[in-house]
Amino acid sequence: MKSFTTLVVLALTLCCANTYAQTKTYHSTSGEMIFSFATIQKGGNQINSNLRWSPVFNFQGLNNYDFTQHFGFFHGLAIRNVGFIYEIPGTDTLKKHRTYNLGIPVGFKLGKLENGTFLYGGYEFELPFHYKEKLFINDEKEDVSSVWFSNRVNWYTQSVFVGINFPRGFNVKFKYYLDSFFNKNATETINGVQSKPFANFDAHVFYIAIDWNVFKDVKEYGRKKRKQQQTDEKSYSYNLSNNR
């Protein structure tokens, strides 16, 4: 029995070692354009949100592990500009809320990894480190609040995402935040009266992001770019010499 167990452990070790040896590991970086909305309930009433476009500053770096040509894993670090816009019903008042988040995404890839056509999905843990809100009345900016590590939002938030990657690096992702945007226990004092402005305010942000080269090997991309430059330079020199 002991010999059998030893053989099983040895076989599993060799299998794992072989899988690890065949794993393609690389680093990738990208930015993204975010088009966000939110599901909003305030005081039991449903409120519609407006489209918010945030092209900057959204950046992520990923470590990729392609175990086979069809399955891979990734994790990394990211900075995201996440928020939403809504109008207070029956008024000419519009509010914008956003946070900059430090994120830790983890996920998997499934499909044709070699040619860049695959689905992916995962989970992200994010730490909001800067909060800003803006108040507009009749399209005129009336007030702006900008705070580092504000208690108006939760100290962390969680999200899930799915996406599809196409050849040549084009990428589309959908993401939904599991936690409410605001800290419902946050307090504020106005004219000596303390209140909880977000106690009955439930907002879950979701967005569609468009980006490029999310899973492109940085080194491989650099090599191809240098090779193309060398080819262009040789072609230019050849044409120049023939035209003399």
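This briefing describes the overall build, the charged pairs, the surface patches and a few individual residues of one protein chain. The model is a predicted one, and the protein chain in it has two helices and 14 strands. Of the 244 residues of the protein chain, 34% count as buried, and the structure holds nine salt bridges. Two surface patches are described below, one of negative charge and one that is nonpolar.

**Overall build**

- The accessible surface of the protein chain comes to about 15100 Å², and carbon and sulfur atoms account for 59% of that surface.
- Among the contacts in the protein chain with a separation of 6 or more, 66% are between residues that stand 24 or more positions apart.

**Salt bridges between strands S8 and S11**

- Glu-124 and Lys-175 form a salt bridge in which the closest N and O atoms are 2.8 Å apart; this pair links distant parts of the chain, since Glu-124 belongs to strand S8 (residues 117–137) and Lys-175 to strand S11 (residues 170–177), with their positions 51 residues apart.
- Both members of that pair, Glu-124 and Lys-175, are buried.
- Lys-175 also forms a salt bridge with Glu-126, where the closest N and O atoms are 2.6 Å apart; Lys-175 lies in strand S11 and Glu-126 in strand S8, so this pair ties together parts that are 49 residues apart in sequence.
- Glu-126 is buried, as is its partner Lys-175.

**A salt bridge from strand S8 to a loop, and a shared network**

- The side chains of Glu-133 and Arg-152 meet in a salt bridge with an N to O distance of 3.3 Å, and the pair again links distant parts of the chain, with Glu-133 in strand S8 and Arg-152 in the loop between S9 and strand S10 (157–165), 19 residues apart.
- Glu-133 and Arg-152 are both buried.
- Salt bridges that share partners join Glu-32, Arg-80, Glu-124, Glu-126, Lys-173 and Lys-175 into one network.

**A buried acidic residue without a salt bridge**

- Asp-211 is found in strand S14 (residues 201–212), where it is buried yet has no salt bridge, the nearest side chain of opposite charge being that of Lys-173 at 5.0 Å.
- A salt bridge requires a side-chain nitrogen of Lys or Arg within 4 Å of a carboxyl oxygen of Asp or Glu.
- Leaving aside neighbours within four places in sequence, Asp-211 is in contact with Gly-31, Glu-32, Gln-60, Gly-169, Phe-170 and Asn-171.

**The negative patch**

- Glu-87, Asp-92, Asp-139, Glu-140, Glu-142 and Asp-143 gather on the surface in a patch of negative charge, to which strand S9 (residues 140–148) gives the most, with three residues.
- Asp-143, which lies in strand S9, is partly exposed, with a relative accessible area of 43%.

**The nonpolar patch**

- A nonpolar patch on the surface, with about 960 Å² of accessible area together, is formed by Phe-67, Phe-71, Phe-73, Leu-77, Leu-102, Ile-104, Val-106, Phe-108, Leu-110, Tyr-123, Val-160 and Leu-178.
- The elements that give two or more residues to the nonpolar patch are strand S6 (71–87) and strand S7 (93–112), and the largest share, five residues, comes from S7.
- Val-160, a member of the nonpolar patch, is found in strand S10 and is partly exposed, with a relative accessible area of 35%.

**Two buried residues in strands S6 and S7**

- Gly-107 is found in strand S7 and is buried, with a relative accessible area of 8%.
- Gly-107 and Val-160 are 53 residues apart in sequence, while their C-alpha atoms are 9.4 Å apart in space.
- Apart from neighbours within four places in sequence, Gly-107 is in contact with Gly-72, Phe-73, Phe-74, Gly-121 and Gly-122.
- Ala-78 is found in strand S6, and at 2% relative accessibility Ala-78 counts as buried.
- Ala-78 and Asn-58 are 20 residues apart in sequence and 7.5 Å apart in space, C-alpha to C-alpha.
- Not counting residues up to four places away in sequence, Ala-78 touches Phe-59, Gln-60, Asn-101, Leu-102, Gly-103, Pro-105 and Glu-124.

Note on methods:
Residues numbered from 1 in each chain as written. Predicted model: local features only at pLDDT ≥ 70, side-chain atom pairs only at ≥ 80, totals over all residues. Heavy atoms only, no water. Patch = residues over 30% accessible without salt bridge, like charges linked within 9 Å, V, L, I, M, F, W, Y side chains within 5 Å. Areas by Shrake-Rupley, 256 points an atom, 1.4 Å probe, with all protein chains shown as cover. Lys, Arg positive; Asp, Glu negative; His and termini not counted. Charge placed at Lys NZ, Arg CZ, Asp CG, Glu CD. Helix = DSSP H or I, 4+ residues; strand = E, 2+ residues; numbered from the N terminus. Buried < 20%, exposed > 50% of the residue type's maximum accessible area, 1.4 Å probe, protein only. Contact = heavy atoms within 4.5 Å.
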